[in-house]
Structures are given as structure tokens and as C-alpha cells.
Amino acid sequence: MLTQFGMHASIKRYMIYTVFAIGMFFVGFSGMLEPVGKLLIVFFKSYTEAELIKLNATAFVNQQGLAEYVIGLDIVGSNFSGHDFLLSQSGINSVRETAFTNWYVIEVDAGIPKYIDNLKELPQTEFVLQNRGLWLCH
């Protein structure tokens with residue numbers, strides 16, 4: 001059997017649960033949740049749009065004003081140098097290696113997509129991605 005103290009704590013706990021449930025019912029029934037929910041949604045939408053604008057503003061252009069891309073190459077022979085191969089392509093200003101085998105970071109003039117389109121069409125190219133630090137660490 002429950003002692004008087006145990007029964008008192010149990011009744012108090014059920015009273016709290018009951019009052020909370022009834023209170024939440026009246027809050028929801030009165031429509032108070034709708035304005036709060038709308039405020040949260042508007043805040044979330046505004047915040048995420050602002051973050052997206054910031055991300056697109058910086059995009060993948062570095063401090064020198066050059067667009068950076070990560071490119072993966074399919075090595076075709078033992079004497080194939082991806083670094084030299086990429087530097088021989090038109091429009092590429094610099095090439096640096098990454099920690100991943102046959103992946104390189106290239107810099108091209110920002111706003112000239114034809115260089116990247118030409119690179120994507122080469123048979124040695126496996127992929128070309130915009131270099132954003134959120135995606136790849138190198």
C-alpha cells in the first residue's frame with residue numbers, strides 16, 4: 001500500500017498532468033498556437049533566405065576574384081600528370097592538389113562558364129563541382 005506521503009505525491013503529479021493537458025487544450029482551442037506558429041515559420045523562412053543569399057553572394061569565388069572548382073580526373077596512363085594536364089587547358093589560372101587521389105582544385109576567371117563546360121566534356125574528367133568548404137575538405 002502507498003503511504004500517505006507517496007499517495008500525496010502521486011495525486012499531486014496527476015493533478016499537474018491534468019492541469020497541463022487541459023491548459024494545452026484551451027491554448028490550442030483558442031487559436032493561440034496559430035499566430036505563434038506563423039511567427040516561427042516567417043522567422044525560419046526569413047532566416048534561411050538570408051543565409052542562402054549570403055551563400056550565393058560568396059559562392060565559390062575566392063578572395064582573388066577567381067572561381068574555384070573541384071575536378072576529379074580519370075588517369076589514363078602511368079605517366080599522366082593531372083596537374084600538368086589541367087594547366088594545359090584554356091582558362092585555368094592555377095591548379096592545386098587535394099588530399100584525395102586525382103582530385104584537384106582549379107581556379108578560373110569568375111563568370112566565364114565556357115571553361116567549365118569545356119572541362120566537363122573532356123573524356124578524362126569524372127566530375128566538376130563548385131568548391132564550397134561545406135561539401136569537401138581538402
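This report walks through a four-stranded sheet, the helix that packs on it and the core they share, in a predicted model.

**The sheet**

Let's start with the strands. The sheet is open and has four strands, ordered β2-β3-β1-β4, with antiparallel pairing. Its edges are β2 (92-97) and β4 (125-130); each has a single partner strand, so one side of each lacks a neighbour in the sheet. From one strand to the next, the twist averages 25 degrees.

Two of the pairings can be set side by side:

| Strand pair | Sense | Bridges | One bridge pair |
|---|---|---|---|
| β1 (residues 66-73) and β4 | antiparallel | five bridges | G72 and F127 |
| β2 and β3 | antiparallel | five bridges | S94 and E107 |

The hairpin of β2 and β3 has five residues between its strands, and there N102 adopts a positive phi near 65 degrees. N102 also turns up among the contacts of I71, a residue we will come back to below.

**The helix on the sheet**

Now for what lies against those strands. Strand β1 pairs with β4 in the antiparallel sense. Helix α4 packs on the sheet and touches β1, β2, β3 (103-109) and β4, and its direction makes about 150 degrees with that of β4.

L119 sits in this helix, which covers residues 113-121. Is L119 buried or exposed? With a relative accessible area of 3%, under the 20% cut-off, L119 counts as buried. Leaving aside neighbours within four places in sequence, L119 is in contact with I71, L86, Q89, I92, I106 and T125. One of these partners, I71, lies 48 residues from L119 in sequence, yet their C-alpha atoms are 8.8 Å apart in space.

**The core**

Nonpolar side chains tend to be buried together in soluble globular proteins. Here, the largest nonpolar core has 16 residues, and Y69, I71, L86 and I106 have the most contacts inside it. At least two residues of this core come from each of β1, α3 (82-87), β2, β3 and α4. Which element gives the largest share? That is β1, with four residues.

I71 is a good place to finish. Beyond its neighbours within four places in sequence, I71 is in contact with L86, N102, W103, Y104, I106, L119, T125, F127 and V128. Of these, L86 and I106 are named with I71 among the residues with the most contacts inside the core, and both are also contacts of L119. F127, another contact of I71, is the bridge partner of G72 in β4.

Technical notes. Residues numbered from 1 in each chain as written. Predicted model: local features only at pLDDT ≥ 70, side-chain atom pairs only at ≥ 80, totals over all residues. Heavy atoms only, no water. Buried < 20%, exposed > 50% of the residue type's maximum accessible area, 1.4 Å probe, protein only. Contact = heavy atoms within 4.5 Å. Pairing = 2+ DSSP bridges. Axes fitted to C-alpha atoms, helices over the stretch in contact; angles between N-to-C directions. Core = buried A, V, L, I, M, F, W, Y, C linked by side-chain atoms within 4.5 Å.
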